[in-house]
Amino acid sequence: MSLPDTRTMLGFNRYEIALVVITVFWGATFLIVQNALAHSDPFLFVCMRFGCAALAMMLCSLRILRGLTALEVRAGMLIGLCIFLGYSFQTVGLQTIASSKSAFITALYVPLVPLMQWLFLRRPPTFMNWVGAGLAFTGLVLLANPQSMEGGAGTGEWLTVLSAIAIAVEVILISRFAGTVDLRRVTIVQLATAALMAGLTGAMRGENMPALTSPVLIISILVLGLASAVIQITMNWAQNHISATRATVIYAGEPVWAGIIGRVFADERHSALALFGAILIIVSVAVSEMKVRLRRRPPAALP
């Protein structure tokens, strides 16, 4: 029996508070990944990250795996495909752009979610959803610092945009299957799927298995593996009780934490124009959730 949906003084219920907490973890992962990539190729690193997460979940849930259903396998594989694409593009992009910039660009998935709901769930976006998407795109252009790039945004930026699209689809799919599957079984399948696909991709690209002698790499894999397991199970759990659009508004805090962590621990700095672009992306989140009532002009009185 679920507990009542009580709200705190700040207006958040326990599901929303849980998502706020994981945004802090999520924001911290960008810098950890960037440092770890000095010791590993990107796709094999994603494989080890999510393989560790899947193993951690399996060790805690061996008994419940016996009840795995075909629907849970299908849901887990679809969500896992999105996780693989989202985190792989993001990880490759982090080889050429700052962790805080990657986090802000990744936040584009927030205004993208209403558009994805239109495509997949036939829920048309509101006027303010469109305004939010426009602001987010403008913010991306400014954040990418086009003055310093020849021929437009760099490869790292555009790969991170693709990552944002994949994560938006992931959020939609989690809400789509919420309430119809077992959370732990689906989480294990999606983490294992992401790890397997990343490993196969790394092998096809000829990536070399890193020597697991670097303390930085080992600690990064363990920390990110556990963090990924916690993040995914919490997303699956919380989105059973709140909408995809509400969840994505909360997820928008992730780039803020990534920016703070990048500034404090890596002294990452951005131009005033890039910071304004980051602000526009955050503002786009709030704007996309606004509801505006257009007043109709009363008909003119007949003479």
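A cavity is a set of grid points where a 1.4 Å probe fits but cannot get out, and its lining residues have an atom within 4 Å of such a point. The legends below refer to a predicted model.

**View 1. The largest cavity and its lining residues.** The search of the whole structure returns 1 cavity of 30 Å³ or more. The volume of the largest cavity is about 60 Å³. Its lining is formed by Ile79, Ile174, Phe177, Ala178, Val181, Asp182, Leu183, Val186 and Asn236. By residue class, this lining comprises 7 nonpolar, 1 polar and 1 charged.

**View 2. Helices 7 and 8 at the largest cavity.** Helix 7 (155-177) and helix 8 (183-204) each contribute at least two residues to the lining of the largest cavity. Ile174 and Phe177 are among the lining residues, as are Leu183 and Val186.

**View 3. Helix 4, a mostly covered element.** Helix 4 spans residues 99-106, and 8 of its 8 residues are buried. The buried residues of helix 4 include Lys101, together with Ser99, Ser100, Ser102 and Thr106. Ala103, Phe104 and Ile105 are likewise buried in helix 4.

**View 4. A nonpolar surface patch that includes Val256.** Val256, Trp257, Ile260, Val264 and Phe265 make up a nonpolar patch of about 510 Å² on the surface. Val256 belongs to helix 11, which covers residues 253-266. Val256 is classed as partly exposed because its relative accessibility is 38%, a value between the 20% limit for buried and the 50% limit for exposed residues.

How values were computed
Residues numbered from 1 in each chain as written. Predicted model: local features only at pLDDT ≥ 70, side-chain atom pairs only at ≥ 80, totals over all residues. Heavy atoms only, no water. Patch = residues over 30% accessible without salt bridge, like charges linked within 9 Å, V, L, I, M, F, W, Y side chains within 5 Å. Areas by Shrake-Rupley, 256 points an atom, 1.4 Å probe, with all protein chains shown as cover. Salt bridge = Lys/Arg side-chain N within 4 Å of Asp/Glu carboxyl O. Helix = DSSP H or I, 4+ residues; strand = E, 2+ residues; numbered from the N terminus. Buried < 20%, exposed > 50% of the residue type's maximum accessible area, 1.4 Å probe, protein only. 1 Å grid on protein atoms, 1.4 Å probe; cavity = no way out; pocket = protein on both sides within 12 Å on 5 of 7 lines; lining within 4 Å. Points joined across faces, edges and corners; volume = space filled by probe spheres on them. Nonpolar A, V, L, I, M, F, W, Y, C, P; charged D, E, K, R; others polar.
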